[in-house]
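Got your viewer ready? Load the model, pick a colouring you like, and follow along one selection at a time.

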Amino acid sequence: MRKNNKVAIYCAFKEKGEIFYILVQRSKKRGGFWQGITGGEEDFDNNDLNKTVIREIKEELGINISKKQIFPIPYSFKFINRKGVKETEYCFGVILSLKQKKNISLSDEHTAIIYSKDPKYLISLLKFKENKIGFKKFTKLLKERLEYLN
């Protein structure tokens, strides 16, 4: 059963010393707009949003990730969904390996994927203000994290 917690997941990978960010385009039936990976917490996630992130990445990108690839972004927001229910969306970042990036297989929820080194361009594609804020925070945290890892 769905809970009222949602996740917005922003993914990136590093190739030849450069960071590439990932967005997906929802199918026309689901609005047709660009976003990060999103999804909802289920009862079987046992109140662990990291499990929700892992499951949503598997469902929507077709790849397995580990908890150590996930980091929380200190940003969440509330919204009213199409059914009039109040929900909270929590933001997370995921650093993919090149092997994982090459194995991505989009679910039918999405019609396209974009990889870009230009976060300003990707922000211009995002429809919702809250997603723009979450993505900006992701890019800042990711750069700090990758500098620390190098």
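Start by selecting Glu109, which sits in the loop between α2 (98-102) and β7 (110-116). Helices here are DSSP runs of H or I with at least four residues, strands are runs of E with at least two, and both are numbered from the N terminus. Is Glu109 buried or exposed? Glu109 is buried, at a relative accessible area of 18%; the cut-offs are under 20% for buried, over 50% for exposed and partly exposed in between, with a 1.4 Å probe and protein chains only. Now show its neighbours: leaving out residues up to four places away in sequence, Glu109 touches Gln25, Arg26, Ser27, Arg30 and Glu60. A contact here means heavy atoms within 4.5 Å.

A word on ground rules before the next stop. This is a predicted model, so to speak of local features takes pLDDT of at least 70 and side-chain atom pairs count only at pLDDT 80 or more, while totals for chains, interfaces and linings use all residues. Residues are numbered from 1 along each chain as its sequence is written, and side-chain values use heavy atoms, with hydrogens and water left out.

Keep Glu60 on screen and add Gly39, in strand β4 (residues 37-42). These two, Gly39 and Glu60, are 21 residues apart in sequence, and their C-alpha atoms are 9.2 Å apart in space. Gly39 is buried, with a relative accessible area of 12%.

For another pair, pick Ser124 in helix α3 (residues 119-125) and draw a C-alpha to C-alpha distance to Trp34: you should get 9.7 Å, across 90 residues of sequence. Ser124 counts as partly exposed, at 48% relative accessibility.

Next, the cysteines. How many disulfides are there? The count comes to zero, where a disulfide is a pair of cysteine sulfur atoms within 2.5 Å. Select Cys11: the closest cysteine sulfur, in Cys91, is 12 Å from its own sulfur, so that is too far for a bond. Cys91 is likewise in no disulfide, its nearest cysteine sulfur being that of Cys11. Cys11 is buried at 2% relative accessible area, and Cys91 is buried at 2% as well.

For a backbone stop, go to Lys16 in the loop between β1 (2-15) and β2 (18-26). Check phi: for Lys16 the angle is near 50°, a positive value in a residue other than glycine. Lys16 counts as exposed, at 81% relative accessibility.

Now zoom out and switch to cartoon. The chain has four helices and seven strands, and from the N terminus they run β-β-β-β-α-β-β-α-β-α-α. Along the principal axes, the C-alpha atoms fill a box of roughly 45 × 30 × 30 Å. The radius of gyration is 15 Å, which agrees with the value near 15 Å for a compact globule of 150 residues; the C-alpha atoms are used, and the globule rule is 2.2 Å times the number of residues to the power 0.38.

Of the contacts in the chain with a separation of 6 or more, 66% are between residues 24 or more positions apart. Buried residues make up 50% of the 150.

Last, colour by charge. The chain has 31 positive and 18 negative side chains, and the centres of the two sets lie 3 Å apart. Lys and Arg count as positive, Asp and Glu as negative, with His and the chain ends not counted; each charge is placed at NZ of Lys, CZ of Arg, CG of Asp or CD of Glu.
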